[in-house]
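Biologist: Hey, got a minute to walk me through this one? I'd like to get a feel for it.

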Amino acid sequence: MQAQYITDLQKAYMSLRSKTDFCPQVLLVLGSGLGDFANKIDKVAQVSYSEIEGMPVSTVSGHVGKFVFGYVGDVRVAVMQGRIHYYEGYTSQQCVMPVRLMGMAGAKLMFVTNAAGGIKYPEIGALMRITDHISLVPSPLIGQNWDVLGKRFPDMTKPYDEQIGKIVDGTAKELGIRLGTGVYIQFSGPNYETASEVAMARTLGADAVGMSTAIEVIAARHMGIKVAGISCITNPACGITSMALDNVDEALAVERTGGKMQELIFESIKRIKDLI
Ligand code: HPA
């Protein structure tokens with residue numbers, strides 16, 4: 001973090017606070033195609049990234065770029081409808097600014113979702129709870145450490161909270177939702193991986209591939225925010241089947257299991273509230 005970044009983050013926080021005094025307990029990060037979840041919470045306020053001074057703005061179509069604040073049951077939730085991707089040309093530090101802002105605003109748990117290519121579960125619409133990650137992009141913690149947020153060398157032994165993971169698994173079982181578990185790997189994108197890169201990822205222990213999430217999780221853990229995450233598989237990763245990735249249909253995956261994923265996340269959030 002450079003001095004300018006810290007200034008920008010503080011400015012962004014003040015700017016956010018001039019628009020809402022909502023203090024979320026949970027931050028829900030929505031991946032490609034999953035933005036509609038934001039319309040399902042009991043909304044009390046919303047703030048576009050573009051209204052917040054110093055915030056990067058998502059340039060990806062299908063990523064709206066706003067915070068939606070409201071309730072899931074009686075839990076205060078901030079939804080990040082649209083994330084900032086490394087492949088848009090932003091630095092890792094810029095990509096995690098919304099996560100840091102919501103941490104500063106009070107979030108104690110981050111529930112991340114993403115669209116991913118499947119290695120272990122290649123079926124379109126499969127849901128995988130993320131148990132660990134591998135990051136192939138620069139850490140968002142590079143640069144001067146800002147001790148107000150967290151320490152210089154944060155532990156990454158168990159970035160995804162096991163106790164919360166068990167609750168999510170139990171909730172899925174009760175709801176009759178099939179939920180696998182596995183390791184997510186973040187490539188930079190925006191190109192999809194080659195078959196050899198996916199083979200490498202598999203050898204490294206990865207079960208799903210994508211272009212987000214790991215750096216957000218690093219930033220959250222740096223701040224002591226607990227993390228849970230689910231990947232929605234939109235395609236078999238390159239080379240896992242003969243399917244070419246020139247027409248990945250996120251809408252199909254969302255149509256198949258998006259509703260279930262939303263139900264699972266909302267029910268889990270209600271059950272996790274005593275842990276946060
Ligand atoms: N690779 C990387 N990111 C992705 C993929 C993939 O196969 N599918 C959806 N997001």
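**A quick tour of the chain**

Modeller: Sure. Of the 276 residues of the chain, 55% count as buried. Keep in mind that this is a predicted model.

Biologist: How many helices and strands does the chain have?

Modeller: The chain comes to seven helices and nine strands.

Biologist: And what's the radius of gyration of the chain?

Modeller: It's 17 Å, and a compact globule with 276 residues would be near 19 Å, so the chain agrees with that. Along the principal axes, the C-alpha atoms fill a box of roughly 50 × 40 × 35 Å.

Biologist: New topic. How many cavities of 30 Å³ or more does a search of the whole structure find?

Modeller: One, with about 30 Å³ of space in it.

Biologist: Which residues line the largest cavity?

Modeller: The lining includes Arg83, His85, Tyr86, Gln186, Thr213 and Glu216. By class, the lining has five nonpolar, four polar and two charged residues.

Biologist: Tell me about threonine 213. Is it buried or exposed?

Modeller: Buried, because its relative accessibility is 0%, and the cut-off for buried is under 20%. Threonine 213 sits in the loop between β8 (208-210) and α6 (214-222). Its phi is near 75 degrees, a positive value in a residue other than glycine.

Biologist: Last one: which peptide bond is cis?

Modeller: The one from glycine 189 to proline 190, with omega near 5 degrees. Proline 190 is in the loop between β7 (180-186) and α5 (195-204).

Key. Residues numbered from 1 in each chain as written. Predicted model: local features only at pLDDT ≥ 70, side-chain atom pairs only at ≥ 80, totals over all residues. Heavy atoms only, no water. 1 Å grid on protein atoms, 1.4 Å probe; cavity = no way out; pocket = protein on both sides within 12 Å on 5 of 7 lines; lining within 4 Å. Points joined across faces, edges and corners; volume = space filled by probe spheres on them. Nonpolar A, V, L, I, M, F, W, Y, C, P; charged D, E, K, R; others polar. Helix = DSSP H or I, 4+ residues; strand = E, 2+ residues; numbered from the N terminus. Buried < 20%, exposed > 50% of the residue type's maximum accessible area, 1.4 Å probe, protein only. Rg over C-alpha atoms; globule rule 2.2 N^0.38 Å.
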